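Me: Could you walk me through reading a fold like this one, feature by feature?

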Amino acid sequence: MRYDIVVVGGAIIGSSIAYHLARDGRAGAIAVIEPDPTYEWAATPRATGGVRQLFSLPENIRMSQASLAFYLDFATTMAVDGAPAEIDFRRQGYLFLTGGDDAAVLEANWRTQTALGARVELLDAAALKRRFPSLRVDDVALAALSPDDGWLDPYGALMGFRRKARSLGVAYLAERVAAIEAGRRSVERVRLASGGAIEASAVVIAAGAWSAEIAATAGMRLPVEPMSRMQHYFDVPAGIEPLPLIRDLAGLGMRPEGKGFIGGVADWSVPAGFDFEVDHGYFERTVWPRLAHRVPALETLKLGRTWRGHYARNTLDGNMIIGPWTGGLANLYVAVGFSGHGIMHAPAVGRAIAELVLDGGFRSLDLAPLSYRRVVEGKAYAEKGIK
Ligand SMILES: Cc1cc2nc3c(=O)[nH]c(=O)nc-3n(C[C@H](O)[C@H](O)[C@H](O)COP(=O)(O)OP(=O)(O)OC[C@H]3O[C@@H](n4cnc5c(N)ncnc54)[C@H](O)[C@@H]3O)c2cc1C
């Protein structure tokens, strides 16, 4: 079997890449190799779906802006046979809260964001309380609110990309990649766990937290590991005003969902590895006290469901790695290490990989600072403030 381009992993990143390659018209035959069409263990359907421009690095801000524009028109752009691709995009805002010394970082980031055209308001505790009366603000030094941001349904977005890519001729093969096999200078084929092989002129690894083990079969070192984190759905008492997606420096994140909320506390210190086992005490011990601290009315919430998913954590600097294998096989590309940003950056990443593969360089956005070169050089390029 032979395809011009093979994408390894077919969740939101792989499917966005496949769509952007296919819509260009120059890519030839494209295959996405995805062992699990139900996406049971993938990070994508387990995500919160937040989209924000609240970053410190210009590349991350610009990618979010490109993705926001894309997601606004998603239902129509991704429609297949007249059926719209619904993602339930709610622009209800994104709110970062900081206390004490961190206010200076929030303010510096605000300068970068607004210089790039993002609409972001800085609020002191009093202004924050006026805007969102149910929040506790006595420990907040400064807040940043970006009203144009929000959240969407990650599974809907994945299915939208996937259906559209297939309608444009992309083949989805329900296979698992066992190894990437190379000649002297370039990748020649991917070996499948079922025994066969697929030859390709270019291969893109987009397998989330599984990417490092796949890259290693070609001799490529990716500093990306699975980081398990829990997320919860809880019902809330009536009377809380519509809130934006809220994040604070203590790792708390929450947003409205239906009649309740989705939220959790990310623990960046967890050891690397896949772990789908739910710790039923974590919510009561760690999450609930912080929720009730931030929104006192949540003292009486009712926990519904808890689940785990995996960030692909880049141990060098926490940011994505995008592009060809600098210093290695020139036709092996990666789009990996998204931590909690893969949904919001998927459209921009898909477009960027299509440009790299088809044009040989970034065209719309220069993402060179996020390329593999910094891994080779050991130079971190990290976010400042809330990750
Ligand atoms: C709890 C939680 C909350 C999050 N909240 C947000 C948020 O608010 N906003 C945001 O932008 N992001 C968020 N994220 C992050 C986001 O979910 C990820 O960055 C994104 O889904 C990554 O997509 P992906 O396609 O790279 O990986 P995944 O969705 O993990 O998909 C990887 C795919 O690779 C496949 N695969 C594995 N091994 C192989 C193999 N050997 N061969 C071929 N295929 C293989 C898997 O089957 C899987 O389908 C959150 C994540 C979690 C866990």
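What follows is a short chat about domains, a helix, two groups of paired strands and a single residue.

Me: Before we start, what kind of model is this?

Reply: This is a predicted model, where local features need pLDDT of at least 70, side-chain atom pairs count only at pLDDT 80 or more, and totals for chains, interfaces and linings use all residues. Residues are numbered from 1 along each chain as its sequence is written.

Me: Which stretches make up domain 1 and domain 2?

Reply: Bounds like these come from an automatic or database domain assignment. Here the assignment gives domain 1 as 2-82 + 153-223 + 316-377, and domain 2 as 94-150 + 226-311. Taken over C-alpha atoms, their centres are separated by 28 Å.

Me: And how many residues of each domain are in contact?

Reply: Two residues are in contact if their C-beta atoms, placed from the backbone, lie within 7 Å. On that basis, 18 residues of domain 1 meet 23 residues of domain 2. S3 and H2 each supply at least two residues of the domain 1 side, and the largest share, five residues, comes from H2. By class, that side of domain 1 has eight nonpolar, seven polar and three charged residues. The classes work like this: Ala, Val, Leu, Ile, Met, Phe, Trp, Tyr, Cys and Pro count as nonpolar, Asp, Glu, Lys and Arg as charged, and the others, Gly among them, as polar.

Me: Let's take H2, then. How does its end-to-end span agree with its length?

Reply: Labels first: helices (H or I, at least four residues) and strands (E, at least two) are DSSP runs, numbered from the N terminus. The expected span of a helix is 1.5 Å times one less than its number of residues. H2 covers residues 58-72, so its 15 residues should span 21 Å, and its end C-alpha atoms are indeed 21 Å apart.

Me: Which residues of H2 are buried?

Reply: Buried is a count: 20 or more other C-beta atoms within 10 Å of the residue's own, with 12 or fewer for exposed and partly exposed in between, the C-beta atoms being placed from the backbone. An α-helix has 3.6 residues a turn, so residues three or four places apart point the same way. In H2 the buried set is Glu-59, Asn-60, Ile-61, Arg-62, Met-63, Ser-64, Ser-67, Leu-68 and Tyr-71. They pack against strand S3 (50-51) and helices H3 (74-77), H4 (103-115) and H9 (342-359).

Me: Now the eight-stranded sheet. What is its strand order?

Reply: Strands pair if DSSP finds at least two bridges between them. This open sheet runs S5-S6-S4-S13-S14-S15-S12-S16, with mixed pairing. S5 (121-123) and S16 (302-314) stand at the edges with a single partner strand each, so one side of each has no neighbour in the sheet. Neighbouring strands are turned by 20 degrees against each other on average, direction ignored.

Me: Which helix lies across S12, S13, S14, S15 and S16?

Reply: For angles, axes are lines fitted to C-alpha atoms, for helices over the stretch in contact, and the values run from 0 to 180 degrees between N-to-C directions. H8 (residues 282-294) is the one lying across those strands, at about 115 degrees to S15.

Me: How many residues sit between the strands of the hairpins here?

Reply: S13 and S14 pair antiparallel over two bridges, with three residues between them and a positive phi of about 90 degrees at Gly-251 in the turn. S14 and S15 are joined by six antiparallel bridges; two residues lie between them, and Gly-258 in that turn has a positive phi of about 55 degrees. In S14, Leu-252 stands opposite Val-265 in S15.

Me: What about S11 and its partners?

Reply: S11 (residues 197-205) pairs in the parallel sense with S1 (residues 2-8) over six bridges, and Val-8 stands opposite Ile-205. Three antiparallel bridges join S10 (residues 187-192) to S11, while three parallel ones join S11 to S18 (residues 332-336).

Me: Last one: why does Ala-178 get its exposure label?

Reply: Ala-178 lies in S9 (residues 177-182). It counts as partly exposed because it has 15 C-beta neighbours inside 10 Å. Not counting residues up to four places away in sequence, Ala-178 touches Arg-191, Leu-192 and Ala-193.
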